[in-house]
Amino acid sequence: GHLGASLGVVELTVALHAVFDTPDDRIIWDVGHQAYPHKILTGRRAGIRTLRQPGGLSGFTRRSESPYDPFGAAHSSTSISAGLGMAVAHHLRAEHDPSYRERNVVAVIGDGSISAGMAYEAMNNASVAGPGAGRLIVVLNDNEMSIAPPVGAMSNYLSRLMSSRQFLGLRDLAGKVARRLPERLERTAKKADEYARGMITGGTLFEELGFYYVGPVDGHDLTQLVPILRNLRDADDKGPILLHILTEKGRGYRPAESAGDKYHAVARFNVVTGVQTKAPPGPPSYTSVFSRELTHRAKQDDSIVAITAAMPSGTGLDAFARAYPDRFFDVGIAEQHAVTFAAGMATEGLRPFCAIY
């Protein structure tokens, strides 16, 4: 199964279940690859060895498997849209039924998944979705150090400060004062607040999309994660929030830490040595035949180009990329862009092969 991603979120999983009242509060794992610790903590430990086997546990989250899985997810970038829908639904139900407790909704999304356009469409909509969006917390799990600089004591301190009731209360008071100012001055004051915190944290992009940004935070430090999550859970009138955490894929298991690509998805392996069991030889796979033939054809035809959506090895295009790096394009987890990008190439005479899982 998918080992590296799950090892990277052990502390985050513990913190989320410690702070939030699950399953009444909803936790959505954007990619099922990172949900194994979640399954172990929610009554499925005894069945974890049946993972991805006939009649066993699903490799992803599945609504029919557990009340702790509020949304079925595999690969990827759907969590913010789904979470926003849940938050708004809870708010509407609470408005019509005074006995109904409005739920918190937490969407955990990785730095790869957030590159998809759908994630930004959801965040853009959250800013105008009304009071229901106020119970939505997005946790950006950044495990490639690709978005923010390393965290440290000062960064953790600022994140705790900005998530505290006192700071949010002061900010709310400042906002009420600003609303009494002329419209032009109110807009200026709001921009000043966003950019002041954006310069400290790097979260200006998310602020512009209407989220209150907190982070980056060490995602393996429970002494930081738990109080920050409590602050965000208990804050009043906060609007949608994005908590940015930094984690290490494969955390705690040396072979996975040193070779994240090989331990993203693993076959059976020796836990002590880390050596994976090789499958017995058999007929060539469809992927290997496709890869070999496309690379061969590209040698004869320089109009052939290859496109994938963050899956070069899974689609066999890694071999093509090594042979023709200037004719290979990995667009990230953005499948709809990959197809339309290919169509644009085709209109100008190229012969694109778009390989998507």
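Visitor: Which helix is Val-10 found in?
Guide: We're looking at a predicted model here. In it, Val-10 belongs to the helix covering residues 10–19. That helix is H2.

Visitor: Is Val-10 buried, partly exposed or exposed?
Guide: Its relative accessibility comes out at 34%. Buried means under 20% and exposed means over 50%, with partly exposed in between. So Val-10 counts as partly exposed.

Visitor: Which residues form a nonpolar patch on the surface with Val-10?
Guide: Together, the patch members have about 290 Å² of accessible area. Besides Val-10, they are Val-14, Leu-41 and Leu-222.

Visitor: Let's move on to the sheet. In what order do its three strands come?
Guide: It's an open sheet, and the pairing is parallel. E6 pairs with E7 over three bridges, and E6 also pairs with E8 over five bridges. The order is E7-E6-E8.

Visitor: Which strands stand at the edges?
Guide: Look for strands that have a single partner strand, so that one side is left without a neighbour in the sheet. That fits residues 328–330 and residues 351–355. These strands are E7 and E8.

Visitor: How many degrees does the twist average from one strand to the next?
Guide: Think of going from strand to strand in the order E7-E6-E8. The average twist for each step is 20 degrees.

Visitor: Which residue in E7 is the bridge partner of Ile-307?
Guide: Strand E6 spans residues 304–308, and Thr-308 there stands opposite Asp-330 in E7. On the other flank, Val-305 has Pro-352 in E8 as its bridge partner. For Ile-307, the partner in E7 is Phe-329.

Visitor: Which residues of E6 point the other way from Ile-304, Ala-306 and Thr-308?
Guide: In a regular strand, side chains alternate between the two faces of the sheet. In E6, five of its five residues are buried, whichever way they point. The ones pointing the other way are Val-305 and Ile-307.

Visitor: At about how many degrees does helix H14 run to E8?
Guide: Two helices are worth finding here. H12, residues 286–300, packs on the sheet and touches E6 and E8, with its direction making about 145 degrees with that of E6. H14, residues 335–347, lies across E6, E7 and E8. Its angle to E8 is about 170 degrees.

Terms used
Residues numbered from 1 in each chain as written. Predicted model: local features only at pLDDT ≥ 70, side-chain atom pairs only at ≥ 80, totals over all residues. Heavy atoms only, no water. Pairing = 2+ DSSP bridges. Helix = DSSP H or I, 4+ residues; strand = E, 2+ residues; numbered from the N terminus. Axes fitted to C-alpha atoms, helices over the stretch in contact; angles between N-to-C directions. Contact = heavy atoms within 4.5 Å. Patch = residues over 30% accessible without salt bridge, like charges linked within 9 Å, V, L, I, M, F, W, Y side chains within 5 Å. Areas by Shrake-Rupley, 256 points an atom, 1.4 Å probe, with all protein chains shown as cover. Salt bridge = Lys/Arg side-chain N within 4 Å of Asp/Glu carboxyl O. Buried < 20%, exposed > 50% of the residue type's maximum accessible area, 1.4 Å probe, protein only.
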